[in-house]
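This report covers one protein model with a bound ligand. The sequence and structure come next.

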Amino acid sequence: MLKIGITGNIGSGKTTVSKLFELIGIPVFYADEAAKNIMVTDEVLIAGVKQAFGNNAYFDDGTLNRKYIASIVFNDELRLTELNALVHPAVFRAFDNWITQFDNSVPYVLKEAAVLFESSSYKMCDKTIMVTAPLEMRIRRVMKRDNIIRDEILKREARQFTEEKKIQLADYIIKNDESELIIPQVLKLHQEFLSLNH
Ligand code: ATP
């Protein structure tokens, strides 16, 4: 079964595009959502986080003390790298586990991840899709969706690889700049992946 990675910078529409693939029957693994879940379910990860960041990383009821972790990694690149080195392999494990539920009736699956390239996760995918849109359009979308200020979006954008870099790394591009419809682009790629699978 083919594994297709899909990514895009903040506000590009990677989730919107992934939902379209879901509509035509393709299972999608949402890595960022999975990362949140495994922080409180993956015993190996929990032990690793406690060892690296102390028992304060979790409340007594087992929920994650996000504020505490954020306060440590926010302005400290090294500690953030340390956290990622724990979380990324755990997400890979979760994906490998998730994919076992599908048999050959599914031609391919998608792995949607904001940090597909940054986390090296793309190396475990057969093909990759990059969803693109101009920065100003992405900012406008996220300001509307999350009710946050421009500076906060720019900070998040700065923590990711640039669009240009990701475009070079990706096998396929979906342009979500509102000048081209995305449904035909999704259907075209779907046909491509079906043919690759045969
Ligand atoms: P993030 O990385 O921030 O999670 P994302 O890349 O997953 O973002 P989406 O959540 O899919 O992006 O899209 C961002 C916002 O833009 C959403 O509110 C979505 O409904 C809207 N949006 C996406 N594509 C379009 C489009 N073609 N036309 C209008 N709105 C769109």
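The sections below deal with the ligand site, the strands and the aromatic rings of this predicted model.

## Ligand site

The shell around the ligand is made up of N9, I10, G11, S12, G13, K14, T15, T16, R141, R145, N176 and E178. Two helices, α1 (14-23) and α6 (135-146), each supply at least two residues of this shell. The most comes from α1, which gives three residues.

Several polar atoms of the ligand have partners in the protein. One oxygen atom of the ligand lies 3.2 Å from a polar backbone atom of G11. For K14 the partner is an N or O atom of the side chain, 2.5 Å from an oxygen atom of the ligand. The side chain of N176 places an N or O atom 2.7 Å from a nitrogen atom of the ligand. The ligand taken alone exposes 630 Å², and the protein buries 68% of that.

## Strand β4 and its partners

Strand β4 (residues 127-132) is largely enclosed by the rest of the structure, because five of its six residues are buried. β4 pairs with two strands that are described here. With strand β1 (residues 2-8), the pairing is parallel and runs over five bridges; G5 stands opposite T128 of β4. With strand β5 (residues 172-175), the pairing is also parallel, over four bridges. Here I129 has Y172 in β5 as its bridge partner.

## Aromatic rings

The structure holds eight aromatic pairs. The rings of F95 and W98 have centres 5.8 Å apart and planes at 25°, under the 30 degrees that bounds stacking, so this pair is stacked. F95 and W98 are three residues apart in helix α5 (residues 77-99), which means that about one helical turn separates them. Both residues are buried.

F117 and Y122 form a tilted pair, with 5.0 Å between centres and 55° between planes. F117 counts as buried because its relative accessibility is 2%, below the 20% limit. Y122, at 23% relative accessibility, counts as partly exposed. Elsewhere, ring pairs link F21, Y108, Y172 and F193 into a cluster. Y172 of this cluster is also the bridge partner of I129.

## Charges over rings

Two lysines have their charged ends over aromatic rings. The charged end of K111 sits over the ring of F95, 4.6 Å from the ring centre; F95 is also the stacking partner of W98. The charged end of K165 sits over the ring of F161, at 4.1 Å from the centre of that ring.

Terms used
Residues are numbered from 1 along each chain as its sequence is written. This is a predicted model: local features need pLDDT of at least 70, side-chain atom pairs count only at pLDDT 80 or more; totals for chains, interfaces and linings use all residues. Side-chain values use heavy atoms; hydrogens and water are left out. Rings of Phe, Tyr and Trp (its six-membered ring) pair if their centres lie within 6.5 Å; planes under 30 degrees apart count as stacked, over 60 as edge-to-face and the rest as tilted. Buried means under 20% relative accessible area, exposed over 50%, partly exposed in between (1.4 Å probe, protein chains only). A charge sits over a ring if NZ of Lys or CZ of Arg is within 6 Å of the ring centre and within 35 degrees of the ring normal. Two strands pair if DSSP finds at least two bridges between them. A residue is near a molecule or strand if one of its heavy atoms lies within 4 Å of it. A polar contact is a pair of N or O atoms within 3.5 Å; within protein, one must be able to donate a hydrogen and the other to accept it, and residues adjacent in sequence count only if both atoms are side-chain atoms. Accessible areas come from the Shrake-Rupley method with a 1.4 Å probe; for residues, only the protein chains shown count as cover.
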